[in-house]
Amino acid sequence: TTMRLPLLFSTLFLSASASASAGLDLDALREAARARDLPRLAQLSEASSGEPLEMYPRYYWLNAQLSQISESDASGFLNRYDNTPLADRFRNEWIKELARRQSWPAFESEYLRISQPNSELQCFKAQAELARNERSNLNANKALWFSGKPLASACNPIFDALFASGTLSNNDAWWRIRQAFAGNRADFARQLASRVGNPSELSAKNVAAASNAPEKYLSKASGDSRAAREVQLYALELVGRKNPDQAARLIAEMEEQLSATDQRFAWQQLGLTAARRHHPSASVWLSKADMSDLEEEDQAWFLRAALRASDWSAVEARIKALPKERQDDKTYRYWLARSLEAQSRTLEARPIYLSLSEDFGYYGQLSREKLGSIIETPRAPYKTSSEEIKQIGEMAGVKRALLLNSQGWRVEGNREW
């Protein structure tokens, strides 16, 4: 079905273009929205009533005065245009406004309609629960803390509550400081210093010294406190970004100063930097590290480094170290089969190739080639009937998509399509 869509779209687009001039002027709408011209937006909204795109001027009229509109105005729009991309877009903006107003009952009602709430909305939801003294779900928000990236300010009251209850500990605070440094977010690491008592080693002056001259800093650093060790590891990472081989020598020289955990972390960060630069020693360095605490993309670099080095035993080990659901992905299943075959374990590889060969995607084709299967010629292109074109052209979302595209609103048109 998906292969028919481009042909249907092009056929329908030609017919929509001819009649587009009779409807809403989207250029005028764009200018009014940019200028926040409420009278003009109201005029366009009234004039477009009954047209396929009538929701667009109404959306921009509401959005231009989001902090002033009533809950009934917002719910009226959401109910009228329910299950449309524009209603979903407005809901994501409106729900944040409800949180700013601390209108928690209305917020929680709309929250149920958000299919994939981001971290900010999750924290607002937790605030809503705290506001009615509901703490049974508070601990479920603990996972939000374990990110090296700054989160929205909405999460700060939740983290305060988690630290106050003992759900988050001092070690958890240090973990996030380490991840902030690893992501080259030194300012964010310093912001987190208040969670661990603002040690002098995390002062602006000391962190700047490590940032500006990491080699010099390492030559003088003692690492006799937790904060000092975190800045030490940060300095090692900075050296690794400029000169991976020098960083490897420094890590080896500092083995007596670093705990086993800190050594694994240092090799992990150096190995990831090296892997992204296709350094020949990346896989060797990563073999001294742990990949279990990393996010999916960083774990993939462990595998890429082993593939680049043709270290097939490492490829096998790193795939098998992934969570089970990730191992079941066809990409990893294919490369596991390749690693087994390269290690002369063809009998173990063949069943994986066979199961993948039933898939019509990229790795299915590669697997069929490995099995020596004959690749079939593509089927004849599908011919769209006039009845199919008529049926799809009558769909409300398709009408809006075609009209939007005919006036150059391609992003909005693609969302509707």
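This dialogue discusses a helix pair, a disulfide and a further helix in a predicted model.

Reader: Let us begin with helix packing. At what angle do helix α6 and helix α8 pack, and how far apart are their axes?

Author: Helix α6 spans residues 85-100 and helix α8 residues 119-131. Their axes lie 11 Å apart and make an angle of about 35°. The crossing of α6 past α8 is left-handed.

Reader: Which residues make the contact?

Author: A general point helps first. An α-helix has 3.6 residues a turn, so residues three or four places apart point the same way. In this case, α6 contributes Asn-92, Ile-95, Lys-96 and Ala-99, while α8 contributes Glu-120, Leu-121 and Phe-124.

Reader: How do the residues of this contact divide into nonpolar, polar and charged?

Author: Four are nonpolar, one is polar and two are charged.

Reader: Staying with α8, is Lys-125 buried or exposed?

Author: Lys-125, which is found in helix α8, is buried, because its relative accessible area of 16% falls under the 20% cut-off. Leaving aside residues up to four places away in sequence, Lys-125 touches Phe-107, Glu-108, Tyr-111 and Arg-132.

Reader: How many disulfides does the structure hold, and which residues are joined?

Author: In general, a disulfide is a covalent bond between the sulfur atoms of two cysteines. The structure holds one. Cys-123 is joined to Cys-155, with an S to S distance of 2.0 Å. The link is right-handed, with 95° about the S-S bond.

Reader: Which parts of the chain does the pair tie together?

Author: Cys-123 belongs to helix α8, and Cys-155 to the loop between α8 and α9 (156-165), so the disulfide ties together parts that are 32 residues apart in sequence. Cys-123 counts as buried because its relative accessibility is 0%. Cys-155 is likewise buried, with a relative accessible area of 0%.

Reader: Turning to helix α18, how does its reach compare with the expected value?

Author: Helix α18 covers residues 296-308, 13 residues in total. From first C-alpha to last it reaches 19 Å, close to the 18 Å expected at 1.5 Å a residue.

Reader: Which residues of α18 are buried, and what covers them?

Author: The buried residues are Asp-298, Gln-299, Ala-300, Trp-301, Phe-302, Leu-303, Ala-305 and Ala-306. Their cover includes α16 (260-276), α17 (282-286), α19 (312-320), α20 (324-327) and α21 (330-342).

Reader: What is the phi of Ser-310, which follows α18?

Author: The phi of Ser-310 is positive, near 55°.

Terms used:
Residues are numbered from 1 along each chain as its sequence is written. This is a predicted model: local features need pLDDT of at least 70, side-chain atom pairs count only at pLDDT 80 or more; totals for chains, interfaces and linings use all residues. Side-chain values use heavy atoms; hydrogens and water are left out. Axes are lines fitted to C-alpha atoms, for helices over the stretch in contact, and angles run from 0 to 180 degrees between N-to-C directions. Helices (H or I, at least four residues) and strands (E, at least two) are DSSP runs, numbered from the N terminus. A crossing is left-handed if the near helix is turned anticlockwise from the far one by less than a right angle, and right-handed if clockwise. Contact means heavy atoms within 4.5 Å. Ala, Val, Leu, Ile, Met, Phe, Trp, Tyr, Cys and Pro count as nonpolar, Asp, Glu, Lys and Arg as charged, and the others, Gly among them, as polar. The expected span of a helix is 1.5 Å times one less than its number of residues. Buried means under 20% relative accessible area, exposed over 50%, partly exposed in between (1.4 Å probe, protein chains only). A disulfide is a pair of cysteine sulfur atoms within 2.5 Å.
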